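Here is a note for a colleague who is opening this structure for the first time. Please read the points below with the model on screen, since each one starts from a place that can be found there.

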Amino acid sequence: MGEGSCFEIGLPCIPSVTSSEPENPKLGEIEPDSTPTKVSPLILLAEDNKANIITVSSYLKAKGYRLLVAKNGLEAIALARNERPDVILMDIQMPRMDGLEAIQQIRRTPRLADIPIIALTALAMPGDRDRCLAAGADDYLSKPVKLQQLVTVIQQLLAP
Ligand code: MN
């Protein structure tokens, strides 16, 4: 009160490439197009909160990832089966089936058992991390999720 407030926001945008270089490379400098195009990793976000879905998915899309969204544990398992994502981000508190149960079921499915899973939870209670890891998550982040940290963890899990 009477002192004002200071806010800092991060916008998930991709800066446009501005270049003074001519568009077309000189003949003879054209790079061979033989390198296969890399398909960007597919991320499954299981999350029931709309604001979180928008924030996380728009940030990850801006970072070049492909996104799938599930709104509860049952949808997450169905999408994981059909699409076999490269990484799963799993909210723990969700309706119908919570994230812990969904993680356990995915881990019991041989074809899906090795997909990296990052558990996300608002309950930063002692023991939370252990419960998520015991259920089969590879890593754990407490909410509010720091987006840069999330990308770092995703990159680590995708690294060969
Ligand atoms: Mn939730």
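1. In this predicted model, helix H2, which covers residues 73-83, and helix H3, which covers residues 99-107, have axes that come within 9 Å and cross at roughly 25°. Because angles under 35 degrees count as roughly parallel, H2 is described as roughly parallel to H3. The crossing of H2 past H3 is right-handed. On the H2 side the contact is made by Gly 73, Ile 77 and Ala 80, and on the H3 side by Ala 102, Gln 105 and Ile 106. Sorted by class, this contact of H2 with H3 has four nonpolar residues, two polar ones and no charged ones.

2. A second helix pair can be read beside that one. The axes of H1 and H5 come within 11 Å and cross at roughly 60°, so that H1 and H5 are oblique to each other. H1, too, passes its partner H5 in a right-handed crossing. From H1 the contact takes in Thr 55, Val 56, Tyr 59 and Leu 60, while H5 brings Leu 147, Gln 148, Leu 150, Val 151 and Ile 154. By class, the contact of H1 with H5 has seven nonpolar residues, two polar residues and no charged residues.

3. Which residues coordinate the manganese ion? The ion is held by side-chain oxygens (OD) of Asp 48 and Asp 91 and by the O atom of Gln 93, at 2.0 to 2.1 Å. Along the chain these donors follow the spacing D-x42-D-x1-Q. The two aspartates link distant parts of the chain, with Asp 48 in the loop between strand S1 (42-46) and helix H1 (50-62), Asp 91 in strand S3, and their positions 43 residues apart. Asp 48 is partly exposed, with a relative accessible area of 34%, whereas Asp 91, at 2% relative accessibility, counts as buried.

4. Two strand residues deserve a look together with their surroundings. Thr 121 lies in strand S4, residues 117-121, and because buried means under 20% relative accessible area, its value of 2% places Thr 121 in the buried class. When residues up to four places away in sequence are not counted, Thr 121 touches Ile 92, Gln 93, Asp 128, Tyr 140, Leu 141, Ser 142 and Lys 143. Gln 93 in that list is also one of the donors to the manganese ion. Asp 139 has its place in strand S5 and counts as buried at 18% relative accessibility. Leaving aside neighbours within four places in sequence, Asp 139 is in contact with Ile 117, Ile 118, Ala 119, Arg 129, Leu 133 and Val 153.

5. Where is the cis peptide bond? A cis peptide bond, with omega about 0°, joins Lys 143 and Pro 144, and Pro 144 is found in the loop between strand S5 (139-142) and helix H5 (147-158). Lys 143 was already met above, as one of the residues that Thr 121 touches.

6. Two arginines should be checked for their backbone angles. As background, most residues other than glycine have a negative phi, and most peptide bonds are trans. Arg 84, although it is not a glycine, has a positive phi of about 40°, and its place is in the loop between H2 and strand S3 (87-91). Arg 96 likewise is not a glycine and has a positive phi, here of about 70°, and this arginine is found in the loop between S3 and H3. Are these two side by side in class, or is one exposed and one partly exposed? Arg 84 is partly exposed, with a relative accessible area of 34%, while Arg 96 is exposed, with a relative accessible area of 70%.

7. A last point concerns Gln 155, which is found in helix H5 and is partly exposed, with a relative accessible area of 46%. Gln 155 and Pro 41 are 114 residues apart in sequence, and from C-alpha to C-alpha they are 9.9 Å apart in space.

Methods. Residues are numbered from 1 along each chain as its sequence is written. This is a predicted model: local features need pLDDT of at least 70, side-chain atom pairs count only at pLDDT 80 or more; totals for chains, interfaces and linings use all residues. Side-chain values use heavy atoms; hydrogens and water are left out. Axes are lines fitted to C-alpha atoms, for helices over the stretch in contact, and angles run from 0 to 180 degrees between N-to-C directions. Helices (H or I, at least four residues) and strands (E, at least two) are DSSP runs, numbered from the N terminus. Angles under 35 degrees count as roughly parallel, over 145 as roughly antiparallel, 65 to 115 as roughly perpendicular and the rest as oblique. A crossing is left-handed if the near helix is turned anticlockwise from the far one by less than a right angle, and right-handed if clockwise. Contact means heavy atoms within 4.5 Å. Ala, Val, Leu, Ile, Met, Phe, Trp, Tyr, Cys and Pro count as nonpolar, Asp, Glu, Lys and Arg as charged, and the others, Gly among them, as polar. Buried means under 20% relative accessible area, exposed over 50%, partly exposed in between (1.4 Å probe, protein chains only). Donors are N, O and S atoms within 2.8 Å of the metal (3.2 Å for Na, K and Ca); water is not among the atoms, so sites may look incomplete.
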